[in-house]
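Here is a short set of exercises to work through with the model open in your viewer. Try each task before reading its solution.

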Amino acid sequence: MERYVCIHGHFYQPPRENPWLEAIELQDSAYPYHDWNERITVECYAPNAASRILDQDNRIKEIVNNYAKISFNFGPTLLVWMEHNVPDVYQMILHADQESQERFSGHGSALAQTYNHMIMPLANCRDKHTQVRWGIRDFERRFGRQPEGMWLPETAVDLETLDVLAAHGIRFTVLAQYQAQRIRKIGTRTWTDVAGGHLDPSRPYEVRLPSGRKIVIFFYDGPISRAVAFEGLLNDGQRFARRILDGFSDTRTWPQIVNLATDGESYGHHHRFGDMALAYALSQLEASGEVKLTNYGEFLERFPPTHEVELVENTSWSCVHGIERWRSDCGCNSGSHPGWNQSWRAPLRRALDWLRDTLAPLYERRLSEILQDPWAARDDFIDVVLDRSPENSERFLVEHAVRPLNSSEKIMARQLLELQRHLMLMYTSCGWFFDELSGLETVQILQYAGRAVQLARELFGDHLEDDFISRLSEAKSNLPEHRNGARIYEKFVKPARVDLTKVGAHYAVSSLFESYAPSAKVYCYTVDRKYYRVLRSGRAKVAVGRAKVTSQITGESATVSFGVLHFGDHNILGGVRESRGQEAYQTLLKDIYDAFTRADLPQIIRLLDEQFGGMTYSLRSLFRDEQRRILEPIVAATLAEAEAEHRQIYEHHAPLMRFLTDLGMPLPKVFATAAEVVLNADLQRALRSDYLDLNAISNLLAEAKSWNVNIDSAGIGYSLKRVLGHMMERLQANPSDEVLLRRLESLAEVIRSSHLNVDLWKTQNLYWEMLQSVYPEYRDRAKRGDDEARAWVERFALLGDKLEVRVPE
């Protein structure tokens, strides 16, 4: 009988965007990358789009797009980030779905996903419908087709959720074996019990729903999937392929499918080089002739279900207690903190449910005054989320309004719909998954709730925040310093809250350090400058201005006046208030100007305090990325002084350090520290130079090795990756640049001999493209006796050797 293999990857990251800025701020824990989305993209999402298959000498012999050969889904909120931040990888994913349609009889490998990873059995019916509709609409916009299948977050399932999927045209989903209760052949009456994971996952099953609809379930092979995720199966691609083949049985008399499902991050993030194990296994399976790769849609078309299944409702793939991990202290946790409990999960969910249910009638009553159907409008609001252009937002409102709306009504409509968006985002599953209430993921969903609370206060004047915080106090932290959910909300949500005045403060303070255009974008806000003046005296300067701040999300705006005093270092004092008109602004400008010309800084401080009513701001008021950017040159001056002192020690005592090293003695800590500071600084300086001094870089790396001092391998490796990638881009644009080719080969040799972990993915991809497109032309010219072409071919082959790419003889 025919044998098929389908490997599914669930690629997902929890949304990390600041709810008020609609952007991910700097995350130091992801160093040397800006944030964890970027880091995991480098480790997993990008490598799977161009994965390496190696020859017996561990050289690249082929680069393949894994996504085109597997089944996959990406979380919609992750794809939003990828579209804007890594468009090349994003396009490779979309292209893989198109390629898979050609490979798999017109069936694309991409599956949709409910929008923001909400645990569907715990959602109310209205949210279930919106989550499915948003997931489908997002999928259609990106992949240009209707989805056949939809991934359920954590494979959490109940019949109502499946009915919603079927009602929206979804044909199948994927579950774990132990989520099945019993099966029978279609058309018969006798059921067979398969509870406890005893179901045969080698064929699809049909579920008959209470509404009379039907949906197909593929149950993934639990033991093999578990081996991929947790048992090191990805350490060896050949063993991976053999384990898949072992999943077939000669006793089965029907066309078999061995299908796996794991977090997609297994292939590169959780298991380094897991993407390569996957690529190799897929190539081995194809070459074996024993099986055929497929995806769920193609297999379902060829082999419709012959059996039906009854499910165990309210179950999932990541909680042995069903779905309790997202509502109770069931015992499921990371295992990293013995003695901790998760009793906070239940009161957290109760608090969020109260917030959602309290605001629902207020939302419905207010929005029904201006839109035809508030809940239908919410279902369609995904079109605005995906396209925030003013024209699209206007089209949406015209389509749903009961009459022409004025500007304030349009703002109110957007605010109400944004309120609902955040009331759904706050149910993102990761908020309950981990061990501690104060964890990043839980704080993130509390910030979504905080944004909803802020919008509710603006819309309804209802101070329900106190009641909400009171309910959060029932959720107890494992950490004494955080006490409970109320304390965590006060510490991490309220300070993060942003309004138009705070955006104005950010603009005012940062304007001292960068030049803004008359109309500037600050995250999801537009700042239109009305008046602006800067006065300087020595190191001190003061800025006074007026600007209109507008939210690109809701359309609300405010005109603010500001004054900011910079003392010349990290000390900044500023004030911002809603504008009181041109006359008041001119008075403020004159008073500050008079005090500044007298160098009367204390008077300016008093003026700022008086004029802005104690609402003063400093560098702490800046959003995180801008704060870091501004502080870097300020800190650099101090670091330069420290570096000079360490350099003096290093250079003065270098002979003694060499003598001690020759004797095999460890360097005294003060000497090792001096060498570490100086060599790291010199390396980064050399890599930032317009002209790359390869000899200097090589000598510095050798010197660091000789002293056995720690260098910032992550930071230096990241810099080398960028430099090498940029040089390779230049060579691809101008292949005949022999000098650049030689320098590339030399830098690649420096990297190889340094043993630094430098990510060569981009450079190798570009080299591979040139190997397919440019190299054949030069090789043919060399065969015809062209000496320059022969020299180029030899040098290009040397570069390939350094980049560990096999070049044809």
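Before we start, one bit of vocabulary: two strands pair if DSSP finds at least two bridges between them. Keep in mind too that this is a predicted model.

**Exercise 1. Describe the overall build of the protein: its elements, its span and its compactness.**

Step 1: count the elements. The protein has 30 helices and 20 strands. Its radius of gyration is 30 Å, close to the 28 Å that the globule rule gives for 809 residues, so the chain is as compact as a globular protein of that length.

Step 2: get the extent. The C-alpha trace spans about 95 × 80 × 55 Å along the principal axes.

Step 3: look at burial and surface. Of the 809 residues, 56% count as buried. The exposed area comes to about 34600 Å², with 48% of it supplied by carbon and sulfur atoms.

Step 4: check how far contacts reach along the chain. Take contacts between residues at least 6 apart in sequence: 69% of them join residues at least 24 apart.

**Exercise 2. Work out which strands β4 pairs with, and where its side chains point.**

Step 1: start with β1. Strand β1 (residues 3-11) runs parallel to β4, and four bridges join the two. One partnership to find is Phe 11, whose bridge partner in β4 is Phe 74.

Step 2: move on to β5. Two bridges join β4 to strand β5 (residues 110-113), again in a parallel run. Here Phe 72 has Ala 110 in β5 as its bridge partner.

Step 3: sort the side chains. In a regular strand the side chains alternate between the two faces of the sheet. In β4, Ser 71 and Asn 73 point one way, Phe 72 and Phe 74 point the other way, and all are buried.

**Exercise 3. Which helix residue forms an aromatic pair with Phe 74, and what does the pair tie together?**

Step 1: search for ring pairs. The whole structure holds 35 aromatic pairs. Among them, Tyr 45 and Phe 74 sit 5.6 Å apart, centre to centre, with 65 degrees between the planes. Edge-to-face needs an angle over 60 degrees, and this pair is edge-to-face.

Step 2: place the two residues. Tyr 45 is in helix α1 (residues 36-49) and Phe 74 in strand β4 (residues 71-74), so the pair ties together parts that are 29 residues apart in sequence.

Step 3: check burial. The cut-off for buried is under 20% relative accessible area. Tyr 45 has 0% and therefore counts as buried; Phe 74, with 4%, does too.

Step 4: compare a second pair. Tyr 205 and Phe 219 are also edge-to-face, at 5.7 Å centre to centre and 75 degrees between the planes. Tyr 205 belongs to strand β10 (residues 205-208) and Phe 219 to strand β11 (residues 214-220), so this pair ties together parts that are 14 residues apart in sequence. Both Tyr 205 and Phe 219 are buried.

**Exercise 4. Is Asn 37 buried or exposed, and what does it touch?**

Step 1: locate Asn 37, which is found in helix α1.

Step 2: read its accessibility. Asn 37 has a relative accessible area of 3%, so it is buried.

Step 3: list the neighbours. Leaving out residues up to four places away in sequence, Asn 37 touches Gln 13, Arg 16, Ile 24, Leu 78 and Trp 81.

**Exercise 5. Trace the two six-stranded sheets and find their edges.**

Step 1: take the mixed sheet. This open sheet has the order β7-β11-β10-β14-β8-β9. Since β7 (172-176) and β9 (192-193) each have a single partner strand, one side of each is left without a neighbour in the sheet.

Step 2: inspect the β9 end. Strand β8 (residues 180-185) and β9 pair antiparallel over two bridges, with Arg 182 opposite Asp 193 in β9.

Step 3: take the antiparallel sheet. Its order is β15-β16-β17-β18-β19-β20, and the edge strands are β15 (519-522) and β20 (616-617).

Step 4: look inside that sheet. Strands β17 (residues 540-551) and β18 (residues 557-566) run antiparallel, joined by 10 bridges. Arg 546 stands opposite Ser 561 in β18.

Key:
Residues are numbered from 1 along each chain as its sequence is written. This is a predicted model: local features need pLDDT of at least 70, side-chain atom pairs count only at pLDDT 80 or more; totals for chains, interfaces and linings use all residues. Side-chain values use heavy atoms; hydrogens and water are left out. Rings of Phe, Tyr and Trp (its six-membered ring) pair if their centres lie within 6.5 Å; planes under 30 degrees apart count as stacked, over 60 as edge-to-face and the rest as tilted. Buried means under 20% relative accessible area, exposed over 50%, partly exposed in between (1.4 Å probe, protein chains only). The radius of gyration is taken over C-alpha atoms; the globule rule is 2.2 Å times the number of residues to the power 0.38. Contact means heavy atoms within 4.5 Å. Accessible areas come from the Shrake-Rupley method with a 1.4 Å probe; for residues, only the protein chains shown count as cover.
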